[in-house]
Amino acid sequence: MSFTRPSPRPFGRLALALALAAGTLTACAKGFDVNKFGGSNERLYAAGLREYQRKHWDNAVSAFEKLTLELPARDTLLPLAYYYLGRAHERRSEYLLAAQSFSRLVESFPDDSLADDALYQSGEAYKKLWRKPVLDSQYGETAVESYRALLSLYPNSPLRDRASKAIAQLQEWMAAKDYDSGMFYMRRKAYDSAIIYFKDVTKNYPTTSHARDAYLRLVDAYKAIHYKEDVADVCATLHQSFPADRDVRRACGPPPATATTPVSSAPVSAVPRPTPAP
């Protein structure tokens with residue numbers, strides 16, 4: 001039995017055809033047994049795909065997990081098994097297991113046509129594990145690494161735009177997390193600690209919506225501890241990036257004559273933005 005590879009973009013056309021072709025199998029949601037397919041990987045794959053299309057996620061996981069353990073390392077069904085195992089775990093809200101399955105596909109088959117999809121789905125799974133900006137951002141950072149790997153390794157992928165938008169969204173969350181931490185210390189007049197977090201926002205996330213506010217809070221913090229030179233430096237950056245902003249003028253006064261023309265549409269940062277992971 002031979003299988004044509006699925007096309008995840010859009011998902012379902014060929015997969016549905018394969019599921020219908022597997023309709024003669026007698027497996028059902030309650031009595032599904034991965035050991036009753038006579039050792040045929042092709043029949044087990046068709047059965048797993050049939051269960052996946054019927055939204056029997058537990059059965060699909062059982063089938064594809066068995067395939068990932070038993071298929072030879074270079075078998076053409078193996079990347080498909082990794083892919084659908086990841087999708088089935090995702091449907092069960094087992095996002096960490098889903099991400100791990102997608103990552104195994106990319107690591108074992110980097111040249112496979114599903115590799116860019118797997119990297120994107122890995123990023124999506126990790127992103128779902130970071131539910132709120134106030135929580136630990138480890139999974140969010142791992143999601144960004146997955147998206148950046150897609151951009152770096154598969155520059156012609158049709159998923160590039162979606163990956164870039166996902167990175168921008170996660171960076172907004174990361175900026176919000178650091179900004180809120182800075183405000184926590186500002187309210188307690190722990191200005192040195194607040195400055196560290198606000199600087200992180202301006203350095204690491206200069207194009208986010210929180211960057212301007214972080215610069216303004218830096219002005220407030222430096223004024224509170226009487227660091228006049230630092231106030232002047234931050235105000236120079238604000239005048240260059242936001243010359244007509246009322247809050248900037250209120251915090252820093254009118255811009256000097258040489259700073260009326262913006263140098264950049266984004267906040268200026270002495271540290272370059274991180275590049276996509278290799």
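# A tour of an all-helical chain

Start by selecting helix α4: 14 of its 15 residues are buried, so the rest of the structure largely encloses this helix. The model is a predicted one.

**Helix α4 and its end**

Keep α4, residues 77-91, selected and check its length. At 1.5 Å a residue, its 15 residues should span 21 Å, and the C-alpha atoms at its ends are 21 Å apart, which agrees. Next, select Ser93, which follows α4 and has a positive phi, near 65 degrees.

Go back to Glu90 and Arg91. Their side chains meet in a salt bridge, 3.3 Å from N to O. How buried or exposed is each partner? Glu90 counts as buried, at 8% relative accessibility, whereas Arg91 counts as partly exposed, at 33%.

**The whole chain**

Zoom out and colour by secondary structure. The protein chain has twelve helices and zero strands, and its pattern along the sequence reads α-α-α-α-α-α-α-α-α-α-α-α. Of its 278 residues, 48% count as buried. Switch on the surface: the accessible area of the protein chain is about 14500 Å², with 51% of this belonging to carbon and sulfur atoms. Now consider contacts between residues at least 6 apart in sequence: 55% of them join residues at least 24 apart.

**Aromatic rings**

Show the side chains of Phe, Tyr and Trp. How many aromatic pairs does a search of the whole structure find? The search finds 15. For one of them, select Tyr45 and Phe64, an edge-to-face pair with ring centres 5.9 Å apart and 65 degrees between the planes. Tyr45 lies in helix α2 (residues 41-53) and Phe64 in helix α3 (residues 57-70), so this pair ties together parts that are 19 residues apart in sequence. Both Tyr45 and Phe64 are buried.

For another geometry, select Tyr222 and Tyr227. Their ring centres are 6.2 Å apart and their planes lie at 20 degrees, so the pair is stacked; planes under 30 degrees apart count as stacked. Tyr222 is buried, with a relative accessible area of 5%, while Tyr227 counts as partly exposed at 41%.

Then return to Tyr45 and widen the selection. Ring pairs link Tyr45, Tyr52, Trp57, Phe64, Tyr83, Tyr84 and Phe102 into a cluster.

**Charged side chains**

Side chains of opposite charge can pair when their charged atoms come close. A search of the whole structure finds 14 salt bridges. Select Glu51 and Arg50, whose closest N and O atoms are 3.0 Å apart in a salt bridge. Are these two residues buried or exposed? Glu51 is buried at 0% relative accessibility, and Arg50 is buried as well, with a relative accessible area of 6%.

Move on to Asp213 and Arg212, whose side chains form a salt bridge with an N to O distance of 2.8 Å. Asp213 is partly exposed, at 21% relative accessibility. Extend the selection from here: Arg212, Asp213, Asp245, Asp247 and Arg250 are linked in a network of salt bridges.

**The disulfide**

Select Cys235 and Cys252. How many disulfides does the structure hold? It holds one. The sulfur atoms of Cys235 and Cys252 are 2.1 Å apart in this disulfide. The link is left-handed, with -80 degrees about the S-S bond. Cys235 lies in helix α11 (residues 228-241) and Cys252 in helix α12 (residues 246-252), so the pair ties together parts that are 17 residues apart in sequence. Cys235 is buried, with a relative accessible area of 6%.

**Asp200**

For the last stop, select Asp200 in helix α9, residues 191-204. Asp200 is partly exposed, with a relative accessible area of 22%. Which residues does Asp200 touch, not counting those up to four places away in sequence? They are Asp178 and Tyr205. Add Ala175 to the selection and draw a distance between C-alpha atoms: Asp200 and Ala175 are 25 residues apart along the chain, and their C-alpha atoms are separated by 8.2 Å.

Note on methods:
Residues are numbered from 1 along each chain as its sequence is written. This is a predicted model: local features need pLDDT of at least 70, side-chain atom pairs count only at pLDDT 80 or more; totals for chains, interfaces and linings use all residues. Side-chain values use heavy atoms; hydrogens and water are left out. Helices (H or I, at least four residues) and strands (E, at least two) are DSSP runs, numbered from the N terminus. The expected span of a helix is 1.5 Å times one less than its number of residues. Buried means under 20% relative accessible area, exposed over 50%, partly exposed in between (1.4 Å probe, protein chains only). A disulfide is a pair of cysteine sulfur atoms within 2.5 Å. Contact means heavy atoms within 4.5 Å. A salt bridge is a side-chain nitrogen of Lys or Arg within 4 Å of a carboxyl oxygen of Asp or Glu. Accessible areas come from the Shrake-Rupley method with a 1.4 Å probe; for residues, only the protein chains shown count as cover. Rings of Phe, Tyr and Trp (its six-membered ring) pair if their centres lie within 6.5 Å; planes under 30 degrees apart count as stacked, over 60 as edge-to-face and the rest as tilted.
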